[in-house]
Amino acid sequence: MAIQVNLDVMMAKRKISAGELADRIGITPANLSILKNNKAKAIRFSTLEAICQVLDCQPGDLLEYIPDSEQ
């Protein structure tokens, strides 16, 4: 996949656990795990907005484009 999710990096910087983040943004820990492990096919803007609000970051801090030739 060409889009990489760097959620775990930002969570570590903000010292927040997966369980706490899932609770604060209103999704299940299982769905957060799917995002963290780059298994998600899509993300709702409302979820992305909630993550950015809780982690005090920008979408670009979480999402990175990596061309298929570099993977």
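**Q&A: surface, fold, core and cysteines**

The accessible surface of the protein comes to about 4900 Å², and 49% of that belongs to carbon and sulfur atoms. Keep in mind that this is a predicted model.

Reader: What pattern does the protein follow when read along the sequence?

Author: Start with the tally: the secondary structure comes to 5 helices and 2 strands. Put in order along the sequence, these give β-α-α-α-α-α-β.

Reader: What is the radius of gyration, and what would a compact globule with 71 residues have?

Author: The C-alpha trace spans about 35 × 20 × 20 Å along its principal axes. For a compact globule with 71 residues you'd look for a radius of gyration near 11 Å, and the protein agrees with that, at 12 Å.

Reader: Among contacts between residues at least 6 apart in sequence, what share join residues at least 24 apart?

Author: Here you set aside the pairs that are under 6 apart and look at what's left. Of those remaining contacts, the share joining residues at least 24 apart is 66%.

Reader: How much of the protein is buried?

Author: Buried here means under 20% relative accessible area. Apply that cut-off to the 71 residues, and the buried ones make up 30%.

Reader: Which element gives the most to the largest nonpolar core?

Author: That core has 18 residues, and Leu7, Leu21, Ile51, Leu55 and Leu62 have the most contacts inside it. Two or more residues come from each of α1 (7-14), α2 (18-25), α3 (29-36) and α4 (45-55). The top contributor, with 5 residues, is α4. As background, nonpolar side chains in soluble globular proteins tend to be buried together.

Reader: Which residues does Leu55 touch, leaving out those up to four places away in sequence?

Author: Leu55 is one of the residues with the most contacts inside the core, and its neighbours aren't just leucines, since Arg14 is among them. The full list is Leu7, Met10, Met11, Arg14, Ile16, Leu21 and Leu62.

Reader: Are Cys52 and Cys57 buried or exposed?

Author: The cut-off for buried is under 20% relative accessible area. Cys52 is at 10%, so Cys52 passes. Cys57 is at 9%, so Cys57 counts too, as buried.

Reader: How many disulfides does a search of the whole structure find?

Author: A disulfide is a covalent bond between the sulfur atoms of two cysteines, and the cut-off for calling one is 2.5 Å. The sulfur of Cys57 has its closest cysteine sulfur in Cys52, at 4.2 Å, so the pair is too far apart for a bond. Over the whole structure, the number of disulfides found is 0.

Note on methods: Residues are numbered from 1 along each chain as its sequence is written. This is a predicted model: local features need pLDDT of at least 70, side-chain atom pairs count only at pLDDT 80 or more; totals for chains, interfaces and linings use all residues. Side-chain values use heavy atoms; hydrogens and water are left out. Buried means under 20% relative accessible area, exposed over 50%, partly exposed in between (1.4 Å probe, protein chains only). A nonpolar core is a set of buried Ala, Val, Leu, Ile, Met, Phe, Trp, Tyr and Cys residues joined through side-chain atoms within 4.5 Å. Helices (H or I, at least four residues) and strands (E, at least two) are DSSP runs, numbered from the N terminus. Contact means heavy atoms within 4.5 Å. The radius of gyration is taken over C-alpha atoms; the globule rule is 2.2 Å times the number of residues to the power 0.38. Accessible areas come from the Shrake-Rupley method with a 1.4 Å probe; for residues, only the protein chains shown count as cover.
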